[in-house]
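Reader: Hello! I am new to reading protein structures and would love a close look at a single part of this one. Could you walk me through it slowly?

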Amino acid sequence: MSPQALAMDTGRPWLVVSFFTEANGYKPDALRMIASCQRHGLDYFVQPIEGEGSWLGNVRFKPKFMRAMLDRHPGRDLVWIDADGIVQQPPTLFDSLAKDPEYQKFILAVHYFRGRELLTNTVFFRNSETTRAMIDAWIGLTKARAGVWEQKTLQELLAVHPEWPAFQLPAQYAQIFDLMRAAGKPVIEHFQASRRLRAARLTTRMAPPRLQTGRP
(Lines give C-alpha, C1' and ligand atoms only; values in the text may rest on other atoms or scores of the structure.)
Protein backbone atom coordinates (compact mmCIF):
# COMPACT_ATOMS: atom_id res chain seq x y z
CA MET A 1 0.00 0.00 0.00
CA SER A 2 1.12 3.58 -0.55
CA PRO A 3 1.83 6.25 0.50
CA GLN A 4 3.88 5.48 3.60
CA ALA A 5 1.92 4.40 6.67
CA LEU A 6 2.26 6.13 10.04
CA ALA A 7 3.21 3.49 12.58
CA MET A 8 4.58 2.66 16.01
CA ASP A 9 5.24 -0.95 17.01
CA THR A 10 6.63 -1.98 20.40
CA GLY A 11 5.36 -5.55 20.20
CA ARG A 12 2.16 -5.31 22.22
CA PRO A 13 -0.26 -8.24 21.77
CA TRP A 14 -2.62 -6.02 19.78
CA LEU A 15 -2.31 -3.15 17.34
CA VAL A 16 -4.56 -0.20 16.42
CA VAL A 17 -5.13 -0.02 12.67
CA SER A 18 -6.95 2.50 10.51
CA PHE A 19 -6.84 4.32 7.20
CA PHE A 20 -7.71 7.80 6.03
CA THR A 21 -8.05 9.61 2.72
CA GLU A 22 -5.69 12.56 2.42
CA ALA A 23 -7.64 14.46 -0.22
CA ASN A 24 -10.95 14.98 1.58
CA GLY A 25 -10.11 16.50 4.94
CA TYR A 26 -9.57 13.49 7.20
CA LYS A 27 -5.82 13.86 7.77
CA PRO A 28 -6.08 16.24 10.77
CA ASP A 29 -8.53 13.83 12.41
CA ALA A 30 -6.19 10.89 11.78
CA LEU A 31 -3.26 12.78 13.27
CA ARG A 32 -5.31 13.52 16.41
CA MET A 33 -6.21 9.85 16.66
CA ILE A 34 -2.53 8.87 16.31
CA ALA A 35 -1.55 11.42 18.97
CA SER A 36 -4.11 9.89 21.35
CA CYS A 37 -2.59 6.44 20.75
CA GLN A 38 0.84 7.85 21.52
CA ARG A 39 -0.39 9.40 24.78
CA HIS A 40 -1.54 5.99 25.97
CA GLY A 41 1.47 4.06 24.66
CA LEU A 42 -0.53 2.11 22.06
CA ASP A 43 0.97 0.54 18.97
CA TYR A 44 -0.64 1.69 15.73
CA PHE A 45 -0.51 1.35 11.95
CA VAL A 46 -2.45 4.06 10.11
CA GLN A 47 -2.44 4.04 6.32
CA PRO A 48 -3.16 7.00 4.03
CA ILE A 49 -5.07 5.81 0.96
CA GLU A 50 -6.15 7.42 -2.28
CA GLY A 51 -9.78 6.55 -1.59
CA GLU A 52 -12.61 4.83 -3.43
CA GLY A 53 -14.25 7.92 -4.91
CA SER A 54 -16.88 8.56 -2.22
CA TRP A 55 -17.52 8.28 1.51
CA LEU A 56 -19.60 5.14 0.92
CA GLY A 57 -16.89 3.61 -1.23
CA ASN A 58 -14.31 4.32 1.44
CA VAL A 59 -16.26 2.70 4.29
CA ARG A 60 -17.01 -0.31 2.08
CA PHE A 61 -13.24 -0.69 1.62
CA LYS A 62 -12.85 -1.47 5.34
CA PRO A 63 -13.27 -5.30 5.08
CA LYS A 64 -10.58 -5.52 2.38
CA PHE A 65 -8.27 -3.35 4.46
CA MET A 66 -8.76 -5.48 7.55
CA ARG A 67 -8.08 -8.66 5.58
CA ALA A 68 -4.80 -7.18 4.37
CA MET A 69 -3.92 -6.03 7.91
CA LEU A 70 -4.40 -9.52 9.36
CA ASP A 71 -1.91 -10.84 6.82
CA ARG A 72 0.49 -7.94 7.29
CA HIS A 73 0.58 -8.33 11.10
CA PRO A 74 0.59 -12.10 11.77
CA GLY A 75 0.27 -13.08 15.41
CA ARG A 76 -1.14 -9.68 16.40
CA ASP A 77 -4.77 -9.06 17.22
CA LEU A 78 -6.06 -5.85 15.64
CA VAL A 79 -8.26 -3.01 16.83
CA TRP A 80 -9.84 -0.93 14.10
CA ILE A 81 -10.56 2.67 15.16
CA ASP A 82 -12.13 5.11 12.71
CA ALA A 83 -9.70 7.90 11.82
CA ASP A 84 -11.91 10.47 13.58
CA GLY A 85 -11.77 8.60 16.89
CA ILE A 86 -9.77 9.64 19.95
CA VAL A 87 -8.52 7.30 22.66
CA GLN A 88 -9.54 9.14 25.82
CA GLN A 89 -8.63 6.49 28.44
CA PRO A 90 -6.42 3.39 28.41
CA PRO A 91 -8.45 0.70 26.54
CA THR A 92 -7.46 -2.09 28.90
CA LEU A 93 -10.30 -4.36 27.80
CA PHE A 94 -8.34 -5.11 24.62
CA ASP A 95 -5.49 -6.50 26.73
CA SER A 96 -7.96 -8.95 28.26
CA LEU A 97 -9.51 -9.84 24.89
CA ALA A 98 -6.06 -10.55 23.46
CA LYS A 99 -4.61 -12.55 26.36
CA ASP A 100 -7.21 -13.95 28.77
CA PRO A 101 -8.41 -17.52 28.07
CA GLU A 102 -12.04 -16.67 28.88
CA TYR A 103 -12.20 -14.42 25.81
CA GLN A 104 -10.48 -16.67 23.28
CA LYS A 105 -13.75 -18.00 21.84
CA PHE A 106 -14.60 -14.54 20.45
CA ILE A 107 -13.22 -13.73 17.01
CA LEU A 108 -14.19 -10.07 17.23
CA ALA A 109 -15.69 -7.50 19.57
CA VAL A 110 -18.22 -4.83 18.54
CA HIS A 111 -20.79 -2.54 20.11
CA TYR A 112 -24.48 -2.52 19.19
CA PHE A 113 -25.87 1.02 19.38
CA ARG A 114 -29.03 1.00 21.53
CA GLY A 115 -28.81 -2.77 21.41
CA ARG A 116 -29.84 -2.88 17.74
CA GLU A 117 -27.31 -1.34 15.33
CA LEU A 118 -23.84 -2.82 15.00
CA LEU A 119 -21.16 -0.11 14.90
CA THR A 120 -17.83 -0.54 13.15
CA ASN A 121 -16.22 2.62 14.52
CA THR A 122 -14.27 0.47 17.00
CA VAL A 123 -13.82 -3.26 16.35
CA PHE A 124 -11.46 -5.83 17.88
CA PHE A 125 -10.36 -8.58 15.46
CA ARG A 126 -8.74 -11.81 16.62
CA ASN A 127 -5.92 -12.67 14.22
CA SER A 128 -6.96 -16.21 13.30
CA GLU A 129 -7.94 -18.30 10.32
CA THR A 130 -11.55 -18.23 11.51
CA THR A 131 -11.48 -14.44 11.47
CA ARG A 132 -10.01 -14.48 7.97
CA ALA A 133 -12.86 -16.72 6.81
CA MET A 134 -15.37 -14.35 8.37
CA ILE A 135 -13.78 -11.32 6.70
CA ASP A 136 -13.69 -13.09 3.33
CA ALA A 137 -17.44 -13.64 3.69
CA TRP A 138 -17.84 -9.99 4.77
CA ILE A 139 -15.99 -8.83 1.66
CA GLY A 140 -18.20 -11.01 -0.53
CA LEU A 141 -21.47 -9.87 1.05
CA THR A 142 -20.44 -6.20 0.91
CA LYS A 143 -19.65 -6.58 -2.79
CA ALA A 144 -23.03 -8.22 -3.38
CA ARG A 145 -24.95 -5.49 -1.50
CA ALA A 146 -24.14 -2.50 -3.69
CA GLY A 147 -24.73 0.78 -1.90
CA VAL A 148 -24.92 -0.75 1.60
CA TRP A 149 -22.60 0.27 4.44
CA GLU A 150 -20.06 -2.26 5.59
CA GLN A 151 -21.41 -2.22 9.16
CA LYS A 152 -24.81 -3.34 7.93
CA THR A 153 -23.35 -6.24 5.96
CA LEU A 154 -21.28 -7.30 8.98
CA GLN A 155 -24.37 -7.24 11.19
CA GLU A 156 -26.26 -9.30 8.63
CA LEU A 157 -23.42 -11.80 8.44
CA LEU A 158 -23.02 -12.28 12.20
CA ALA A 159 -26.78 -12.75 12.63
CA VAL A 160 -26.72 -15.94 10.56
CA HIS A 161 -23.33 -17.34 11.61
CA PRO A 162 -23.34 -18.25 15.31
CA GLU A 163 -20.03 -20.05 14.75
CA TRP A 164 -18.45 -16.56 14.55
CA PRO A 165 -19.14 -15.25 18.07
CA ALA A 166 -18.68 -11.56 18.82
CA PHE A 167 -18.02 -10.05 22.24
CA GLN A 168 -20.20 -7.05 23.06
CA LEU A 169 -18.01 -3.99 23.58
CA PRO A 170 -19.20 -1.51 26.23
CA ALA A 171 -20.63 1.70 24.81
CA GLN A 172 -17.65 3.68 26.13
CA TYR A 173 -15.40 1.90 23.62
CA ALA A 174 -17.43 3.05 20.59
CA GLN A 175 -18.89 6.24 21.99
CA ILE A 176 -20.32 8.72 19.48
CA PHE A 177 -19.63 12.12 21.01
CA ASP A 178 -23.17 13.54 20.87
CA LEU A 179 -25.51 10.56 20.47
CA MET A 180 -24.06 8.50 23.33
CA ARG A 181 -23.31 11.02 26.09
CA ALA A 182 -25.39 9.00 28.54
CA ALA A 183 -22.82 6.18 28.38
CA GLY A 184 -20.52 8.17 30.67
CA LYS A 185 -16.84 8.95 30.30
CA PRO A 186 -15.62 7.58 26.96
CA VAL A 187 -12.66 5.26 26.50
CA ILE A 188 -12.70 5.70 22.71
CA GLU A 189 -14.74 8.65 21.47
CA HIS A 190 -15.84 9.12 17.86
CA PHE A 191 -16.54 12.50 16.32
CA GLN A 192 -18.02 11.39 12.97
CA ALA A 193 -16.00 13.75 10.81
CA SER A 194 -18.08 12.73 7.80
CA ARG A 195 -20.97 14.80 9.18
CA ARG A 196 -18.76 17.86 9.66
CA LEU A 197 -17.16 17.54 6.23
CA ARG A 198 -20.50 17.00 4.47
CA ALA A 199 -21.87 20.11 6.19
CA ALA A 200 -18.80 22.10 5.13
CA ARG A 201 -19.16 20.99 1.51
CA LEU A 202 -22.87 21.88 1.55
CA THR A 203 -22.11 25.32 3.02
CA THR A 204 -19.51 25.93 0.31
CA ARG A 205 -21.94 24.96 -2.45
CA MET A 206 -24.65 27.23 -1.01
CA ALA A 207 -22.41 30.26 -0.37
CA PRO A 208 -23.32 33.30 -2.53
CA PRO A 209 -20.79 34.38 -5.14
CA ARG A 210 -18.32 37.07 -4.11
CA LEU A 211 -19.03 40.51 -5.52
CA GLN A 212 -16.37 41.93 -7.78
CA THR A 213 -15.40 45.30 -6.30
CA GLY A 214 -12.34 46.06 -8.39
CA ARG A 215 -10.16 45.81 -5.27
CA PRO A 216 -7.88 42.82 -4.47
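Reader: Is strand β6 (residues 108-113) mostly covered or mostly uncovered, and how many of its residues are buried?

Author: Happy to help! A word on the ground rules: this is a predicted model, in which local features need pLDDT of at least 70, side-chain atom pairs count only at pLDDT 80 or more, and totals for chains, interfaces and linings use all residues. Residues are numbered from 1 along each chain as its sequence is written, and side-chain values use heavy atoms, with hydrogens and water left out.

Now to your strand. β6 is mostly covered, with 6 of its 6 residues buried. Buried means under 20% relative accessible area, while exposed is over 50% and partly exposed lies in between (1.4 Å probe, protein chains only). Strands here are DSSP runs of E with at least two residues, and helices are runs of H or I with at least four, numbered from the N terminus. Look at the two faces of β6: L108, V110 and Y112 are buried on one side, and A109, H111 and F113 are buried on the other.

Next, the neighbours. Strands of a sheet pair through backbone hydrogen bonds, either parallel or antiparallel. Two strands count as paired if DSSP finds at least two bridges between them. β6 runs antiparallel to β7 (residues 117-125), and 5 bridges join these two strands. Find H111 and you can look across to its bridge partner in β7, L119. β6 and β7 form a hairpin with 3 residues between them, and R114 in the turn has a positive phi of about 55°.

Another partner of β6 is β8 (residues 166-168), which runs parallel to it and is joined by 3 bridges. Here A109 stands opposite F167.

Step back, and β6 belongs to an open sheet of 7 strands with mixed pairing, in the order β1-β3-β2-β4-β7-β6-β8. β1 (6-8) and β8 stand at the edges with a single partner strand each, so one side of each has no neighbour in the sheet. From one strand to the next, the twist averages 30°; the angles run from 0 to 180 degrees between N-to-C directions, with axes fitted as lines to C-alpha atoms. At the β1 edge, β1 pairs with β3 (residues 44-49) in the antiparallel sense over 3 bridges, and L6 stands opposite V46 of β3.

To retrace your strand in the picture, start at β6, whose residues are buried on both faces, then follow the hairpin to β7 and the parallel pairing to β8.
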